[in-house]
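Visitor: I am new to looking at protein models, and I would love a close look at a single part. Could you walk me through one?

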Amino acid sequence: MELTADYLNRHSRNNSSYFLDSEKTAAIEETDNLNLWKFKADFIYPHSRTLVWKFGASAQLISSKYTPTDIVESDRFETSDIPTKTSGFTPIVYASAQ
């Protein structure tokens with residue numbers, strides 16, 4: 001039996017300024033946060049000398065959050081002012097014979 005748990009976090013804060021002819025025409029400050037969790041269980045069952053069963057299950061959970069703040073809008077440059085939050089879940093079950 002093999003059990004695995006894994007966690008990944010990515011966090012960033014970005015400041016962008018847009019200039020036209022040395023004049024600041026737009027700006028945005030953004031915060032991004034990404035979380036990924038993964039859990040996995042693998043089992044190996046030696047049935048005989050010539051047959052080995054391998055089976056397991058895995059699940060992944062991901063969530064992402066985007067938060068724009070301090071926006072200076074412009075007609076010339078597109079900047080998003082919509083906060084966004086997404087998440088997803090992926091279950092996997094498998095079996096194989098070797």
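In which strand does Asp6 lie, and what can you show me around that part?

Guide: Happy to help! Please keep in mind that this is a predicted model. Asp6 lies in strand β1, which covers residues 2-20. Is Asp6 buried, exposed or something in between? Its relative accessibility is 46%, and because buried means under 20% and exposed means over 50%, Asp6 counts as partly exposed. To get a feeling for the strand, compare Asp6 with Leu20: they are 14 residues apart in sequence, and their C-alpha atoms are 45 Å apart in space.

Now look at what Asp6 touches. Leaving aside residues up to four places away in sequence, Asp6 is in contact with Leu36, Trp37 and Lys38.

Trp37 leads us to the aromatic rings. The count of aromatic pairs comes to three. One of them joins Tyr7 and Trp37, with ring centres 4.3 Å apart and planes at 40°, so this pair is tilted. Tyr7 sits in strand β1 while Trp37 sits in strand β2 (residues 23-46), so the pair ties together parts that are 30 residues apart in sequence. Tyr7 has a relative accessible area of 40% and is partly exposed. Trp37, at 38% relative accessibility, is partly exposed as well. Trp37 also pairs with Phe39: here the rings are stacked, at 6.1 Å centre to centre with 10° between the planes. Phe39 has a relative accessible area of 44%, which means that Phe39 counts as partly exposed. Put these together and you have one aromatic cluster, formed by Tyr7, Trp37 and Phe39.

Let's stay with strand β2 a little longer, since Glu30 has its place there too. Which side chain of opposite charge is nearest to Glu30? That is Arg10, 9.6 Å away. Because a salt bridge needs a side-chain nitrogen within 4 Å of a carboxyl oxygen, you will find no salt bridge at Glu30, even though Glu30 is buried. Glu30 does have a polar partner, though: a contact of 2.8 Å joins its side chain to that of Tyr66. Tyr66 is also among the residues that Glu30 touches, along with Ser12, Arg13, Asn14, Thr67 and Pro68, again not counting residues up to four places away in sequence.

So on your screen, try starting at Asp6 in strand β1, moving across to the cluster of Tyr7, Trp37 and Phe39, and ending at buried Glu30.

Conventions
Residues numbered from 1 in each chain as written. Predicted model: local features only at pLDDT ≥ 70, side-chain atom pairs only at ≥ 80, totals over all residues. Heavy atoms only, no water. Helix = DSSP H or I, 4+ residues; strand = E, 2+ residues; numbered from the N terminus. Buried < 20%, exposed > 50% of the residue type's maximum accessible area, 1.4 Å probe, protein only. Contact = heavy atoms within 4.5 Å. Phe/Tyr/Trp six-rings, centres within 6.5 Å; stacked < 30°, edge-to-face > 60°. Lys, Arg positive; Asp, Glu negative; His and termini not counted. Polar contact = N/O pair within 3.5 Å; in protein donor to acceptor, adjacent residues only side chain to side chain.
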